[in-house]
Amino acid sequence: MEEEAREVVVVDKDLKKKIKETVNKILKRSSLYQITEVKARDEASSELDLDLSKDPYKLIVREAVERFIEKAVMAIESEIGKHHDQIVQDVEGVSEKSTKKKKKNKTKKEDSAA
């Protein structure tokens with residue numbers, strides 16, 4: 001059986017940092033509804049003129065994408081938490097206002113019928 005000779009790629013800290021920064025920059029300017037890890041990797045490959053679809057680059061890109069998503073989710077959850085009371089008030093306020101309007105309209109109709 002023939003064994004394949006695998007090329008071991010060592011990524012220095014500076015290159016790893018540059019890849020992560022490039023991926024983050026791409027994610028920040030992209031629509032989170034449309035961007036994928038593959039699209040971000042392809043774009044970063046093009047910008048860096050480096051094939052990031054191979055290991056260990058692929059793992060570095062995946063880590064950067066996952067970390068970005070984690071931060072985005074935390075930010076969204078934080079914003080939802082900040083606005084939770086306001087949303088509840090708005091919902092309750094709408095319900096109360098519409099109930100009061102209906103009562104007022106009903107009272108006006110009853111008064112004019114009398």
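Trainee: Is Arg-41 buried or exposed?
Mentor: Let's start with the yardstick: buried means under 20% relative accessible area, exposed over 50%, and partly exposed in between, using a 1.4 Å probe and protein chains only. Arg-41 has 8% relative accessibility, so this residue counts as buried.

Trainee: What kind of model is this, and how are residues numbered?
Mentor: This is a predicted model, in which local features need pLDDT of at least 70 and side-chain atom pairs count only at pLDDT 80 or more, while totals for chains, interfaces and linings use all residues. Side-chain values use heavy atoms, leaving out hydrogens and water, and residues are numbered along each chain as its sequence is written, from 1.

Trainee: In which helix is Arg-41?
Mentor: Helices are DSSP runs of H or I with at least four residues, numbered from the N terminus. By that naming, the run covering residues 37–48, where Arg-41 has its place, is helix H2.

Trainee: Which residues does Arg-41 touch?
Mentor: Contact means heavy atoms within 4.5 Å. Setting aside residues up to four places away in sequence, Arg-41 touches Leu-52, Ser-53, Lys-58 and Val-61.

Trainee: Which residue meets Arg-41 in a salt bridge?
Mentor: A salt bridge is a side-chain nitrogen of Lys or Arg within 4 Å of a carboxyl oxygen of Asp or Glu. Here the N to O distance is 3.3 Å. The two partners are 4 residues apart in helix H2, so about one helical turn separates them. The partner of Arg-41 is Glu-37.

Trainee: Which residues are joined into one network by salt bridges that share partners?
Mentor: Shared partners are the key to this one, and the network consists of Lys-25, Arg-29, Glu-43 and Glu-47.

Trainee: How far apart are the closest N and O atoms of Arg-29 and Glu-43?
Mentor: This pair links distant parts of the chain, with Arg-29 in helix H1 (residues 13–29) and Glu-43 in helix H2, 14 residues apart. Arg-29 is partly exposed at 48% relative accessibility, and Glu-43 is partly exposed at 31%. Their closest N and O atoms are 2.6 Å apart.

Trainee: What is the N to O distance between Glu-47 and Arg-29?
Mentor: Glu-47 is partly exposed, with a relative accessible area of 36%. Its side chain and that of Arg-29 meet in a salt bridge, N to O, at 2.5 Å.

Trainee: How many salt bridges does the structure hold?
Mentor: The ones we discussed include Glu-37 with Arg-41 and Arg-29 with Glu-43. For the structure, the number of salt bridges is 7.

Notes: Helices (H or I, at least four residues) and strands (E, at least two) are DSSP runs, numbered from the N terminus.
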